[in-house]
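This report walks through selected local features of one model. Please look at the sequence and the structure first, then read on.

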Amino acid sequence: MKNGYFITFEGGEACGKSTQVKKLKEYISTLKNKDDFLFVREPGGTPLTDKIRRLLLNYEEDKPLPMTELLLFCAARVENIEKCVKPALQQGKVVIADRFYDSTIAYQGMARGIMSAQDILTLTKKIIGPLKPDLTFYLKISPSEAFKRKAKMGEMDRIEKEGLDFHEKVAKGYNFISNIEKERFYCLDATKEPDIIFNEIITVLKEKLPEKFK
Ligand SMILES: Nc1ncnc2c1ncn2[C@@H]1O[C@H](COP(=O)(O)OP(=O)(O)O)[C@@H](O)[C@H]1O
Ligand SMILES: [Mg+2]
């Protein structure tokens with residue numbers, strides 16, 4: 001039985017997920033109970049899934065078909081869930097993930113259009129069972145605003161290089177899942193200053209998990 005707490009960070013490219021996760025990691029590293037937390041990223045977390053991550057994001061020789069991409073993400077998720085996330089939750093830990101299945105719905109479902117967002121959700125549930133995040137921080141920013149940020153960034157991976165219309169579909173995918181699983185979504189205005197967003201995140205976490213964030 002699960003008795004930990006599962007937090008995910010979601011949103012389109014350059015909305016600031018990794019920036020906020022990094023701040024949270026730094027904050028938690030100062031807590032006495034820092035061992036109550038586990039950070040994971042999707043795809044990745046085990047030697048095998050780190051290899052899958054490289055295939056998905058940096059392998060230019062033979063571009064995967066959209067269905068292959070979907071299945072590789074799903075394969076990495078099963079490994080991550082069974083080997084890292086579930087054991088940590090069973091030990092009562094707070095697991096924090098930079099992306100989870102909402103990303104698959106948004107990217108492989110709505111944006112690539114291999115199957116409907118609903119079908120991807122159904123597939124996900126079959127693969128991982130009833131496990132759902134308890135809380136999802138959704139960093140909301142318009143794709144055009146995010147594009148301006150991306151232009152300032154260095155090298156981009158294969159999926160980041162997709163065009164504006166792809167990322168507009170990604171935003172629609174997030175709307176879809178945030179309407180279905182409303183209760184776990186906490187929407188943040190990703191255009192605010194990083195420190196302002198982070199303060200809001202900490203306020204929410206102290207409210208939801210007073211025992212862990214004293
Ligand atoms: N709130 C913010 N306001 C302005 N720029 C930001 C903000 N958060 C992140 N950035 C910048 O945007 C870029 C993408 O941030 P990142 O955290 O890597 O996004 P993601 O992980 O969601 O793709 C980085 O250059 C980062 O410094
Ligand atoms: Mg990131």
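Gly92 is exposed, because only 12 other C-beta atoms lie within 10 Å, and 12 or fewer is the cut-off for that class. The model described here is a predicted one. The place of Gly92 is the loop between helix H3 (66-90) and S3. In space, Gly92 is 7.5 Å from Asp36, C-alpha to C-alpha, although the two are 56 residues apart in sequence. When neighbours within four places in sequence are left aside, Gly92 is in contact with Asn3 and Gly4.

**Backbone details in the loops**

Some residues stand out by their backbone angles. Two of them have a positive phi without being glycine: Ala14, with phi near 65°, and Arg99, with phi of about 80°. The table sets these two side by side.

| Residue | Phi | Loop | C-beta atoms within 10 Å |
|---|---|---|---|
| Ala14 | near 65° | between strand S1 (5-10) and H1 | 24 |
| Arg99 | about 80° | between strand S3 (94-98) and H4 | 22 |

Are these residues buried or exposed? Ala14 is buried, since its 24 neighbours meet the cut-off of 20 or more. Arg99 is buried as well, because its 22 neighbours also meet that cut-off.

A glycine with a positive phi follows H4: this is Gly113, with a value near 70°. Another backbone detail concerns a proline. The peptide bond that leads from Glu42 to Pro43 is cis, and its omega is near -10°. Pro43 sits in the loop between strand S2 (37-41) and helix H2 (47-58).

**Surroundings of ligand 1**

Ala14 appears again at the ligand. Which residues come nearest to ligand 1? Of the 15 residues around ligand 1, the nearest are Ala14, Gly16, Lys17, Ser18 and Thr19. Two elements give two or more residues to this shell, namely helix H1 (17-29) and helix H8 (194-208). H1 gives the most, with three residues. By class, the shell around ligand 1 holds six nonpolar, four polar and five charged residues.

**Helix H4 and its cover**

How many residues of H4 are buried? Eleven of the eleven residues of H4 are buried, so the helix is mostly covered. Among these buried residues are Tyr101, Asp102, Ser103, Tyr107 and Ala111. The elements that cover the buried residues of H4 include S1, H3, H5, strand S4 (135-140) and helix H7 (164-180).

The packing of H4 on H5 can be described further. Helix H4 (residues 101-111) and helix H5 (residues 117-128) pack with their axes 9 Å apart, at an angle of about 140°. H4 and H5 are therefore oblique to each other, since an angle counts as roughly antiparallel only over 145 degrees. The crossing of H4 and H5 is right-handed.

On the H4 side, the contact is made by Tyr101, Thr104, Ile105, Gln108, Gly109 and Met110. On the H5 side, Ala117, Ile120, Leu121 and Thr124 take part. The contact of H4 with H5 comprises six nonpolar and four polar residues, and no charged residues. Charged residues do occur in the shell around ligand 1, where there are five.

Conventions:
Residues numbered from 1 in each chain as written. Chains lettered and ligands numbered in written order. Predicted model: local features only at pLDDT ≥ 70, side-chain atom pairs only at ≥ 80, totals over all residues. Near = placed C-beta within 6 Å. Helix = DSSP H or I, 4+ residues; strand = E, 2+ residues; numbered from the N terminus. Nonpolar A, V, L, I, M, F, W, Y, C, P; charged D, E, K, R; others polar. Axes fitted to C-alpha atoms, helices over the stretch in contact; angles between N-to-C directions. Parallel < 35°, antiparallel > 145°, perpendicular 65-115°, else oblique. Left-handed = near helix turned anticlockwise from the far one by under 90°. Contact = placed C-beta atoms within 7 Å.
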